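This report looks at one protein model, beginning with a single side chain and moving outward to the whole chain. Please keep the structure in view while reading.

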Amino acid sequence: MSITNKSKPVSPRDAGWIIKKLTQVELDFVWYCIDKKREDTNKIQHSLAGNISSSIGLKDHQNLFWNSVANPLVKDYQHFYKDNTKGKLHLRNWWVNYQKENEFNPLHKHSGVYSFVIWLKIPASSSNFVFTYTDLLGKIISMTYKMTPDMEGKMVLFPSRLNHEVYPFYDSDETRVSVSGNIVPSVVSLR
């Protein structure tokens, strides 16, 4: 049977997320930034949505993380999703999260254009990271990443307004370590 009305299917591909396994060099730099922590920042827990022991701001020394990891991933996202976000972007803030057994981060979203999470240490396999969104027909969809040690070293970049949550883990006295951040438009000074 031939199609005579020349119709074609349309599947919107306007948003999603990108996942990447960081190289050892990239991971070493993230751990370096964690070790150096920002001296001008205390805990930033007051601005977080959840119940997490500690979150501390990080400094991107010489913009190496932005230039070598985050910005190339943003460009990949924009290419794949045909995202034509205008203007220059930059890493506004990033922070390390120290999450203990039974702690969680409820459904929330970020400000900015893009956000990311990097899982560095996952001591137990009893937890999930979940994106929640509505599909084209309004159905609520959840995409779950099971937090197992296999996820260590992976980074996910996503639109900042995408709802997500972090479930608690159990059966471990160790601390889960992740890094999160927000990417925003750069403000141009007109002097």
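## Two buried rings

In this predicted model, Trp-119 has a relative accessibility of 3% and therefore counts as buried, since the cut-off is under 20%. Phe-129 is also buried, at a relative accessible area of 2%.

## Aromatic pairs

How many aromatic pairs does the protein hold? The count comes to 13. In the pair made by Trp-119 and Phe-129, the ring centres are 5.2 Å apart and the planes stand at 75°, so this pair is edge-to-face. An angle over 60 degrees is what edge-to-face requires. Trp-119 belongs to strand E5 (residues 114-121) and Phe-129 to strand E6 (residues 127-134), so the pair ties together parts that lie ten residues apart in sequence.

Trp-119 and Phe-129 also belong to one aromatic cluster. Its other members are Trp-17, Phe-131, Tyr-133, Tyr-145 and Phe-158.

## Elements along the chain

The protein contains ten strands and two helices. Read from the N terminus, the order of the elements is β-α-β-α-β-β-β-β-β-β-β-β.

## The protein as a whole

The protein has 191 residues, and 43% of them count as buried. Its exposed area is about 11,500 Å², of which carbon and sulfur atoms supply 52%.

Where in the sequence do the partners in contacts lie? Among contacts with a separation of 6 or more, 81% are between residues 24 or more positions apart.

Note on methods
Residues numbered from 1 in each chain as written. Predicted model: local features only at pLDDT ≥ 70, side-chain atom pairs only at ≥ 80, totals over all residues. Heavy atoms only, no water. Helix = DSSP H or I, 4+ residues; strand = E, 2+ residues; numbered from the N terminus. Buried < 20%, exposed > 50% of the residue type's maximum accessible area, 1.4 Å probe, protein only. Contact = heavy atoms within 4.5 Å. Areas by Shrake-Rupley, 256 points an atom, 1.4 Å probe, with all protein chains shown as cover. Phe/Tyr/Trp six-rings, centres within 6.5 Å; stacked < 30°, edge-to-face > 60°.
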